[in-house]
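Have a look at the chain below before reading on. The notes after it walk through a pocket, a glutamine and some charged pairs.

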Amino acid sequence: MNHLMLTASIAELKALRYTPAGVPAQDLVLEHESQVEEAGQTRQVRASIRAVAFGAVAERMRKQVVGSSWRFAGFVTNPRAGKGLVLHVQEFQPVSTDSSGAHHGRT
């Protein structure tokens, strides 16, 4: 199974482009920061992730603000150049913070 869910902020939105078939495509860079438990220790995690959205998702994505936080869902694949991984965003939703400071996605 190849399914990734990630809470991240939009670090960069490139210009909307179109595939040869005329499908809108939005390239972006996401920044993730969190703490996780590993081998009994708390670890600070930071990651920069290249991502792309197509179609209606791309049209929605291009209207978002750099620096805003979202919960992204999709799958990862190698780009045509074959270097690293790219998250193909299939859906995204806002992240809200409750009074305890915990982050929760809105439905």
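What follows is a short tour of this predicted model.

## The largest pocket

Let's start with the open space. Rolling a probe the size of a water molecule over the atoms shows where empty space is left. The largest pocket comes out at a volume of about 360 Å³. Its lining is made up of 17 residues, and the ones nearest the centre are Arg 17, Asp 27, Val 52, Phe 54 and Pro 79.

Which strand gives the most to that lining? It's β4, with four residues. Strands β3 (24–38), β4 (41–54) and β6 (86–97) each put in at least two. As for chemistry, the lining is a mix: eight nonpolar residues, four polar and five charged.

## Gln 26, a buried polar side chain

Now pick out Gln 26, which sits in strand β3. Is Gln 26 buried or exposed? With a relative accessible area of 1%, Gln 26 counts as buried, because the cut-off for that label is under 20%.

So what does its side chain have for company? One polar atom of the Gln 26 side chain is 2.6 Å from the backbone oxygen of Lys 14. Leaving out residues up to four places away in sequence, Gln 26 touches a run of others, including Leu 13, Ala 15 and Leu 16, plus Ala 51, Val 52 and Ala 53. Ala 58, Met 61 and Arg 62 are also among the residues it touches.

## Salt bridges

Side chains of opposite charge can pair when their charged atoms come close. The model has five salt bridges, and here are some of them.

Arg 17 and Asp 27, both met already at the pocket, pair up at 2.6 Å, N to O. Arg 17 belongs to strand β2 (residues 17–18) and Asp 27 to strand β3, so this salt bridge ties together parts that are 10 residues apart in sequence. Both partners are partly exposed: Arg 17 has a relative accessible area of 35%, and Asp 27 has 22%.

Lys 14, whose backbone oxygen lies by the Gln 26 side chain, uses its own side chain to meet Glu 12 in a salt bridge (3.9 Å, N to O). Lys 14 is partly exposed at 44% relative accessibility, and Glu 12 is partly exposed too, at 36%.

Then there's Arg 62, one of the residues that Gln 26 touches. Its side chain forms a salt bridge with Glu 59 at 3.0 Å, N to O. Glu 59 is partly exposed at 27% relative accessibility, and Arg 62 is partly exposed at 44%.

How values were computed: Residues numbered from 1 in each chain as written. Predicted model: local features only at pLDDT ≥ 70, side-chain atom pairs only at ≥ 80, totals over all residues. Heavy atoms only, no water. 1 Å grid on protein atoms, 1.4 Å probe; cavity = no way out; pocket = protein on both sides within 12 Å on 5 of 7 lines; lining within 4 Å. Points joined across faces, edges and corners; volume = space filled by probe spheres on them. Nonpolar A, V, L, I, M, F, W, Y, C, P; charged D, E, K, R; others polar. Buried < 20%, exposed > 50% of the residue type's maximum accessible area, 1.4 Å probe, protein only. Polar contact = N/O pair within 3.5 Å; in protein donor to acceptor, adjacent residues only side chain to side chain. Contact = heavy atoms within 4.5 Å. Salt bridge = Lys/Arg side-chain N within 4 Å of Asp/Glu carboxyl O.
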